2 protein chains.
Amino acid sequence: MTEAARHDVFQAIADPTRRKLLQLLSEEEMPINALAAHFPISRTAVAKHLAILSDANLITGKKAGREKRFALHPEPLLEVKEWVAYYERFWDNKLSMLKHLVEKDGEIEGLKEAEKRKTT
Amino acid sequence: MTEAARHDVFQAIADPTRRKLLQLLSEEEMPINALAAHFPISRTAVAKHLAILSDANLITGKKAGREKRFALHPEPLLEVKEWVAYYERFWDNKLSMLKHLVEKDGEIEGLKEAEKRKTT
DNA sequence: AATTTATGAAACCTTTTGGTTTTATTATTA
DNA sequence: TAATAATAAAACCAAAAGGTTTCATAAATT
């Protein structure tokens, strides 16, 4: 496997600066200097954020002459999407949760127990 | 507004221990001791993680006798879902991205420039 | 060739994070 | 009421995170 991902995608997107970097790169590919111009912090600090995003496979950078052009690589966000999707079952209406429980065998017992807890 | 959210939801879910706590609470409400039994760390450490989740409005805790029962409150994850949804446009096939670009005025220029960059 | 531009890398600093142990407090239960 | 169980709160600590400045390198320009 060529995808290492030493840095967790959840941790990578936790920082607001890094989320803004992803947003900028979603608009267009850019070298580090162009990116850094959007922040009040130093170019070096931005470089470190880019390294973290790169470790999480969220961006790629290819050298073009003396500059290195970064591009968005959003695929790892699929993991986040799926993680959140699990919790969608639980929000707002209880019916969807019930449906979720009924869909998998053996969970009915859990429901019954939950009911028991409520009434005792 | 009663929803403070002093802690960012992105930061709250960044930690694997906290994600596991949410998962446990999605199965059933539990007091802190029951939760802590699932981890190799101290109950106090778990309590701190719960405080962070609570600050992000991802869980609620109501005192019942001498124990405090925690429950999942997944609604703030909607923000994450929407954030990720934005990037879905960009992954896998370029057609959906093109569609995205065409949908908003003024972005055609950006596309043209991107093409120019590729060919020069 | 000399200068400028764009980046990379190292050393260092401060605050935050994730953990600990110790010391209360509060409700149950024997 | 004395002992126990379930938390809460405080003080402390090491490592990681997010910054900085300084020095080095490589490609473009003049």
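These are my notebook entries on a predicted model of two protein chains and two DNA strands.

**Entry 1: ground rules**

I number residues from 1 along each chain as its sequence is written, with chains lettered from A and ligands numbered from 1 in the order in which they are written. Because the model is predicted, local features need pLDDT of at least 70 and side-chain atom pairs count only at pLDDT 80 or more, while totals for chains, interfaces and linings use all residues; side-chain values use heavy atoms, with hydrogens and water left out.

**Entry 2: chain A against chain B**

I started with contacts, meaning heavy atoms within 4.5 Å. On chain A I found 27 residues in contact with 27 residues of chain B.

Next I looked up the area. Interface size is often given as the accessible area lost when the parts come together. Here buried area is the accessible area (1.4 Å probe) that two parts lose on being put together, summed over both. Between chain A and chain B the value is about 2,500 Å². Carbon and sulfur atoms give 67% of that. Which residues of chain A lose the most area to chain B? I noted A:W83, A:Y87 and A:W91, together 22% of what that side buries.

Then I turned to charges. A salt bridge is a side-chain nitrogen of Lys or Arg within 4 Å of a carboxyl oxygen of Asp or Glu. I have four salt bridges between chain A and chain B. One of them joins the side chains of B:D8 and A:R19, at 3.7 Å from N to O.

Polar contacts are pairs of N or O atoms within 3.5 Å; within protein, one must be able to donate a hydrogen and the other to accept it, and residues adjacent in sequence count only if both atoms are side-chain atoms. Across this interface I get six residue pairs in polar contact, both residues at pLDDT 80 or more.

For elements I use DSSP runs numbered from the N terminus: helices (H or I, at least four residues) and strands (E, at least two). On the side of chain A that touches chain B, α1 (9-12), α2 (16-27), β3 (67-72) and α5 (77-88) each supply at least two residues. The most come from α5(A), with nine residues. By class, that side of chain A has 15 nonpolar, three polar and nine charged residues. The classes are Ala, Val, Leu, Ile, Met, Phe, Trp, Tyr, Cys and Pro as nonpolar, Asp, Glu, Lys and Arg as charged, and the others, Gly among them, as polar.

**Entry 3: strands**

Two strands pair if DSSP finds at least two bridges between them. In chain B I found an open sheet of three strands, order β1-β3-β2, with antiparallel pairing. Its edge strands are β1 (30-31) and β2 (59-64), each pairing on one side only. β1(B) and β3(B) pair over two bridges. B:P31 has B:R69 as its bridge partner.

In chain A, β2 (residues 59-64) and β3 pair in the antiparallel sense over six bridges. A:K63 bridges to A:K68 in β3(A). I also checked the hairpin turn: two residues lie between β2(A) and β3(A), and A:G65 there has a positive phi of about 70 degrees.

**Entry 4: DNA strand D**

A residue is near a strand if one of its heavy atoms lies within 4 Å of it. I count 20 residues around DNA strand D, the closest being A:S42, A:K48, A:H49, B:P31 and B:N33. Sugar or phosphate holds 64% of the strand D atoms within 4 Å of the protein, and bases the rest.

I pulled three distances. A side-chain N or O atom of A:H49 is 2.5 Å from a phosphate oxygen. A polar backbone atom of B:N33 is 3.0 Å from a phosphate oxygen. A polar side-chain atom of B:R66 is 3.1 Å from a sugar or linking oxygen. α4(A) gives the most to this surface, with four residues.

**Entry 5: DNA strand C**

Among the 20 residues around DNA strand C, I list A:P31, B:S42, B:K48, B:H49 and B:G65 as nearest. Here 62% of the strand C atoms within 4 Å of the protein are sugar and phosphate.

Again I took three distances. B:S42 puts a polar side-chain atom 2.4 Å from a phosphate oxygen. A:I32 has a backbone N or O atom 3.4 Å from a phosphate oxygen. A:R66 places a polar side-chain atom 3.2 Å from a sugar or linking oxygen. Which helix gives the most to the surface near DNA strand C? I noted α4(B), with four residues. This surface divides into four nonpolar, seven polar and nine charged residues.
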